[in-house]
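Me: I'd like to learn how to read a protein model feature by feature. Can you walk me through one?

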Amino acid sequence: MPVCCALDEDAVNHKTITKEVRKAYRKYDEQASNWIEQYTAEGGRIYCQAGCFKCCDMPIRISWAEALTISESLTDEQFTKIQRHANKVWVNAHKSKNSDEYAENHRKFVGFCPLLDKTSGGCTLYGDRPIRCRDTYSGMPAHFCGAGALSKLSSSELRQYQRTVRSAEVFDGYSHYIAPLEDLSLPAWNRFSLLMKREMGLEVWGDFWYLVTMTRNPDFVEALTLKNRRKVIQKLQELGLYHEEIVQLD
Ligand code: SF4
Ligand code: SF4
């Protein structure tokens, strides 16, 4: 996976994009905090807490708008770690036969986000972490969030889990993550979509670590200036920088 190291400041208006992304992050955090305050005051429980990180090995999808924002905040050392992680993501995308296998193998073989400080359990990019990291809250204990957690349950424990996520209003019926807190991030996702269309002429979504790495790859950045989805994909394929599992264009 060829990688280089200079943001193309001319291709898009970075300042406008990163400012709007951070504004959307602030708005989400404020609304989530209000929701949590009311939920806990009424007796609800959220299990996420400082130092808890079992969820930080999940694949994470972000927008190019977020990738630019995150890239802007990284130290050289953090960027190098992200590059290495992106290489593993690239290999996993090529080895996996389908999306389910890709997601499962991400947790098994790609592993924890390199921005995680495993000693403290804290996120070293907390202020600029992606919206997906922000809107993931667990309504059940953290061991349910670990890789393969459900496959380790006995059949009766699994039935109990399924009953709980189906019956409690706060869940979406399938998982123990708190649905209203995910729903609150929808305006941010829509905002990023409109922002990319307005500033870049197309939407670019994909893997967190791969897209962040590509913000500093001049060939990738230049390909996006073609603006036409088909042409961009063709160019990225020629450059050997495209895999549909980790880059999606609209
Ligand atoms: S989602 Fe799960 S693993 Fe992540 S912080 Fe919350 S409880 Fe911990
Ligand atoms: S950015 Fe932070 S919160 Fe998100 S996966 Fe990485 S370490 Fe975890």
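Reply: Let's go from the overall fold to single residues, keeping in mind that this is a predicted model.

Me: Let's start with the fold, then. How many helices and strands does the chain have?

Reply: Counting secondary structure elements is a handy way in. Here you get 11 helices and five strands. The radius of gyration comes out at 19 Å, close to the 18 Å that the globule rule gives for 250 residues, so the chain is as compact as a globular protein of that length. If you'd rather think in terms of a box, the C-alpha atoms fill one of roughly 50 × 40 × 35 Å along the principal axes.

Me: And what share of the residues counts as buried?

Reply: Burial is a neighbour count, and by that count 32% of the 250 residues are buried. Contacts tell you about sequence range as well: among those between residues at least 6 apart in sequence, 76% join residues at least 24 apart.

Me: Which residues of the largest nonpolar core touch the most other members?

Reply: For a core, look at who is connected to whom. The largest nonpolar core holds 46 residues, and Ala65, Val89, Tyr210 and Leu211 have contacts with the most other members. Take Leu211: leaving out residues up to four places away in sequence, Leu211 touches Ile62, Trp64, Ala67 and Gly206. There's also a second, separate core of five residues, with Cys55, Cys56, Cys113 and Leu115 among them.

Me: Some of those cysteines make me curious about the ligands. Which residues are around ligand 2?

Reply: With a ligand, list the shell and then sort it by character. Around ligand 2 you find Cys56, Ile60, Cys113, Leu115, Leu116, Cys123, Leu125, Arg129 and Cys133. That shell splits into eight nonpolar residues, no polar ones and one charged. Cys56, Cys113 and Leu115 appear in this shell, and they also belong to the second core.

Me: What surrounds ligand 1?

Reply: Ligand 1 has Tyr47, Cys48, Cys52, Lys54, Cys55, Thr136, Ser138, Ala142 and Cys145 around it. Sorted the same way as before, the shell gives six nonpolar, two polar and one charged. Cys55 is one of the residues in this shell, and Cys55 is also in the second core.

Me: Now a helix. Which residues of α4 are buried?

Reply: The general idea first: an α-helix has 3.6 residues a turn, so residues three or four places apart point the same way. In α4, residues 99-110, the buried ones are Tyr102, His106 and Val110. Looking down the axis of α4, they fall within an arc of 45°, so they line one face of the helix. Asp100 and Lys108 are exposed on the other side.

Me: What does the buried side of α4 pack against?

Reply: The buried residues of α4 pack against α3, residues 76-95. Check the end of α4 too, where Gly111 comes just after the helix and takes a positive phi of about 85°.

Me: Where is there a positive phi in a residue other than glycine?

Reply: Try Lys227, whose phi is near 65°. Lys227 sits in the loop between α10 (218-224) and α11 (229-239). As for its surroundings, Lys227 has 10 other C-beta atoms within 10 Å, so it counts as exposed.

Me: How do I read distance in sequence against distance in space?

Reply: Put the two numbers side by side for a pair of residues. Thr119 and Gly51 are 68 residues apart in sequence and 8.6 Å apart in space, C-alpha to C-alpha. Asn87 and Leu153 are 66 residues apart in sequence, with 33 Å between their C-alpha atoms.

Me: Is Thr119 buried or exposed?

Reply: Thr119 is exposed, because it has 7 C-beta neighbours inside 10 Å. Its place is the loop between β2 (116-117) and β3 (122-123). Asn87, by contrast, lies in helix α3 and is partly exposed, with 16 other C-beta atoms within 10 Å.

Me: One last case: what does Glu182 touch?

Reply: Setting aside residues up to four places away in sequence, Glu182 touches Asp135 and Tyr177. Glu182 is in helix α7, residues 179-183, and it counts as partly exposed, with 17 C-beta neighbours inside 10 Å. The C-alpha atoms of Glu182 and Ile131 are 9.5 Å apart, and the two residues are 51 apart along the chain.

Definitions and conventions:
Residues are numbered from 1 along each chain as its sequence is written. Chains are lettered from A and ligands numbered from 1 in the order in which they are written. This is a predicted model: local features need pLDDT of at least 70, side-chain atom pairs count only at pLDDT 80 or more; totals for chains, interfaces and linings use all residues. A nonpolar core is a set of buried Ala, Val, Leu, Ile, Met, Phe, Trp, Tyr and Cys residues joined through C-beta atoms within 7 Å. A residue is buried if 20 or more other C-beta atoms lie within 10 Å of its own, exposed if 12 or fewer, and partly exposed in between; C-beta atoms are placed from the backbone. Two residues are in contact if their C-beta atoms, placed from the backbone, lie within 7 Å. A residue is near a molecule or strand if its C-beta atom, placed from the backbone, lies within 6 Å of it. Ala, Val, Leu, Ile, Met, Phe, Trp, Tyr, Cys and Pro count as nonpolar, Asp, Glu, Lys and Arg as charged, and the others, Gly among them, as polar. Helices (H or I, at least four residues) and strands (E, at least two) are DSSP runs, numbered from the N terminus. The arc is that of the directions from the helix axis to the C-beta atoms. The radius of gyration is taken over C-alpha atoms; the globule rule is 2.2 Å times the number of residues to the power 0.38.
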